[in-house]
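Visitor: Hi, I've got a structure here and I'm not sure how to read it. Can we go through it together?
Guide: Sure, let's bring it up and take it piece by piece.

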Amino acid sequence: MGGDVPVPEVMDLTHDKDGGVLKEILKLGEVGDGPLRGDRVSVHYVGTLAEDGSEVDSSRETGQQFEFTLGKGEVIKGWDLGVATMKKGEIARLTCKSDYAYGELGHPPKIPSDATLIFEIELYDWHGEDLSSKKDGGIIRRILVSGEGYLTPNDGAIVDVCVNGRVNGTVFDNREVKFPLGEGTEHNIPEGLERALERFKKGEKSTIKLSPKYAFGSAGNRFIGVPPGAYLEYEVELRNFDKARESWEMDQEEKVEQAKVCKDRGTAFFKQEKYRLAVKQYKKVLDFLQYDNGLDEEKKIESHSILLAGYLNLAMSYLKLCDNPRARDHAAKALEMDNFNVKAYFRRGLALLNMGEAEMAQMDFQACLDLDQNNKAALQQMKNCSARIKADKVKEKQLYGGMFDKFARQDKAREEAEANRWKDVMAGNLGEWGNAEEKKDCDKRDLTQLVNIDGVQML
């Protein structure tokens with residue numbers, strides 16, 4: 001009949017077609033792609049019991065949309081299956097049997113055991129998963145193909161990836177590449193993409209969107225055609241990876257050997273002026289050698305020597321990166337281990353001088369000379385400190401001297417104005433009084449308490 005309302009098609013969304021999640025579209029959504037696993041979705045919903053139609057939950061009562069990450073188990077199975085099939089603006093009815101809802105336990109007091117639930121859901125929006133540590137939207141992942149298992153690459157793992165990078169729609173990178181995770185910049189892989197790969201599972205394919213901060217920054221990368229300040233989009237597949245051995249998987253002697261390898265790698269990067277990569281390697285030295293339990297005396301001495309070098313090399317690397325507070329702190333750590341270390345005093349002195357602490361820096365350079373009186377570099381820095389201190393005192397004198405001169409001029413002007421006012425009074429000028437009667441009242445006051453103004457006894 002012409003007035004009949006079409007009956008919505010019922011779709012079984014379960015893998016085994018067991019009728020556990022049935023979907024009916026009540027309102028079609030927009031044409032286009034829907035949300036992907038890992039996306040953050042926003043919905044409104046009303047949930048009822050299939051048995052009697054009583055309402056068990058609703059977001060519409062508060063007017064606040066409900067958000068969750070799709071496919072990560074943050075909601076019942078029926079929702080993860082159902083919302084993944086929806087389009088923007090779509091309204092759907094999901095009938096979820098207990099195996100895809102709250103099971104035998106239910107969700108007291110409103111949802112009894114083994115209850116079938118009906119949800120009316122409207123999908124409003126979604127966005128990719130934010131993988132940046134500060135959640136600033138700088139690294140956004142959308143999973144196209146889920147990976148297998150639960151293992152992910154760790155720092156130092158050898159990753160085998162296919163990458164396709166675009167800037168403003170133009171492909172600038174399309175290749176297969178293997179590299180140690182953490183050293184991607186050696187292979188024109190930006191920092192943000194490396195951070196994302198730490199969350200990939202084997203076989204995963206995802207799109208990754210990077211803001212300039214997590215891509216190639218304000219400098220860009222002219223070697224591969226990335227302009228300054230560019231936003232990038234990658235499609236990446238993690239084909240395979242070999243995890244690096246974790247510190248807890250090694251005994252203490254193995255850690256010492258691994259720390260030596262990291263120290264040498266760091267030094268190689270330092271010599272190539274790749275200071276950030278050097279920092280990563282030297283920090284691993286510190287991680288490996290936190291403890292020396294189980295080592296004989298000879299190995300303890302070796303461990304101590306490598307750890308000290310790690311602190312000293314980090315101080316020098318941070319100086320090169322103009323990160324003076326960290327340089328100062330790591331040099332201080334080296335001095336805790338060896339209070340007679342000339343390099344530690346010198347590097348801390350440089351950091352302090354760069355931070356404007358010339359007097360404290362001078363003390364460190366003097367300590368260098370106390371330990372090595374022929375240290376020409378320390379002697380030169382002592383001269384630099386003296387010049388800086390002298391210049392600072394001149395600036396200070398100019399600053400405060402000018403301030404005091406200003407105050408003195410203001411005080412003198414006030415005194416002169418006050419003296420002139422009283423001279424006018426004594427000369428009989430009505431001045432500030434409005435009439436002779438007011439002046440007469442003033443003349444009657446006891447003025448004997450007045451003292452010198454400009455050195456003149458007024459009364």
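Visitor: What is the chain like over residues 342–375, in helix and strand?
Guide: That stretch is 79% helix and 0% strand. Keep in mind that this is a predicted model.

Visitor: And how many Å apart are the end C-alpha atoms there?
Guide: Over residues 342–375, the end C-alpha atoms sit 9 Å apart.

Visitor: What feature does UniProt place at residues 342–375?
Guide: The UniProt record, an unreviewed entry, has "repeat: TPR" at those positions.

Visitor: OK, new topic. How many residues are in the largest nonpolar core?
Guide: It has 42 residues, and Leu289 and Phe365 have the most contacts inside it. Helices that give two or more residues to this core include H3 (252–271), H7 (342–354) and H9 (376–426).

Visitor: Which helix gives the most to this core?
Guide: That's H5, with eight residues.

Visitor: Why would nonpolar side chains be buried together?
Guide: In soluble globular proteins, nonpolar side chains just tend to do that.

Visitor: Back to Leu289. What is Leu289 in contact with, leaving aside its neighbours within four places in sequence?
Guide: With that limit, Leu289 is in contact with Lys255, Val256 and Ala259, and also with Ser303, Ile306 and Leu307. There's a second, separate core too: 28 residues, including Leu193, Ala196, Tyr234 and Phe241.

Visitor: Now pockets. How much space lies in the largest pocket?
Guide: About 1,000 Å³. The largest pocket is lined by 23 residues, and the closest to its centre are Glu191, Tyr275, Arg276, Leu277 and Lys280.

Visitor: Which elements give two or more residues to that lining?
Guide: Helix H2 (191–197) and H4 do. The largest share comes from H4, which supplies eight residues.

Visitor: How do the residues of that lining divide into nonpolar, polar and charged?
Guide: For the largest pocket, you get 15 charged, five nonpolar and three polar residues.

Visitor: And the second largest pocket, how much space lies in that one?
Guide: The second largest pocket holds about 500 Å³. Among its 22 lining residues, Asp155, Ala244, Arg245, Lys284 and Phe288 are the closest to the centre.

Visitor: What does its lining have by class?
Guide: The lining of the second largest pocket has nine charged, seven nonpolar and six polar residues.

Visitor: Last one: which helices each supply at least two residues of that lining?
Guide: H3 and H4 each do, for the second largest pocket. So you've met H4 in the lining of the largest pocket and in that of the second largest, with the definition of a helix as a DSSP run behind both.

Technical notes
Residues numbered from 1 in each chain as written. Predicted model: local features only at pLDDT ≥ 70, side-chain atom pairs only at ≥ 80, totals over all residues. Heavy atoms only, no water. Core = buried A, V, L, I, M, F, W, Y, C linked by side-chain atoms within 4.5 Å. Buried < 20%, exposed > 50% of the residue type's maximum accessible area, 1.4 Å probe, protein only. Helix = DSSP H or I, 4+ residues; strand = E, 2+ residues; numbered from the N terminus. Contact = heavy atoms within 4.5 Å. 1 Å grid on protein atoms, 1.4 Å probe; cavity = no way out; pocket = protein on both sides within 12 Å on 5 of 7 lines; lining within 4 Å. Points joined across faces, edges and corners; volume = space filled by probe spheres on them. Nonpolar A, V, L, I, M, F, W, Y, C, P; charged D, E, K, R; others polar. UniProt positions renumbered as here; feature names shortened; annotations may be inferred.
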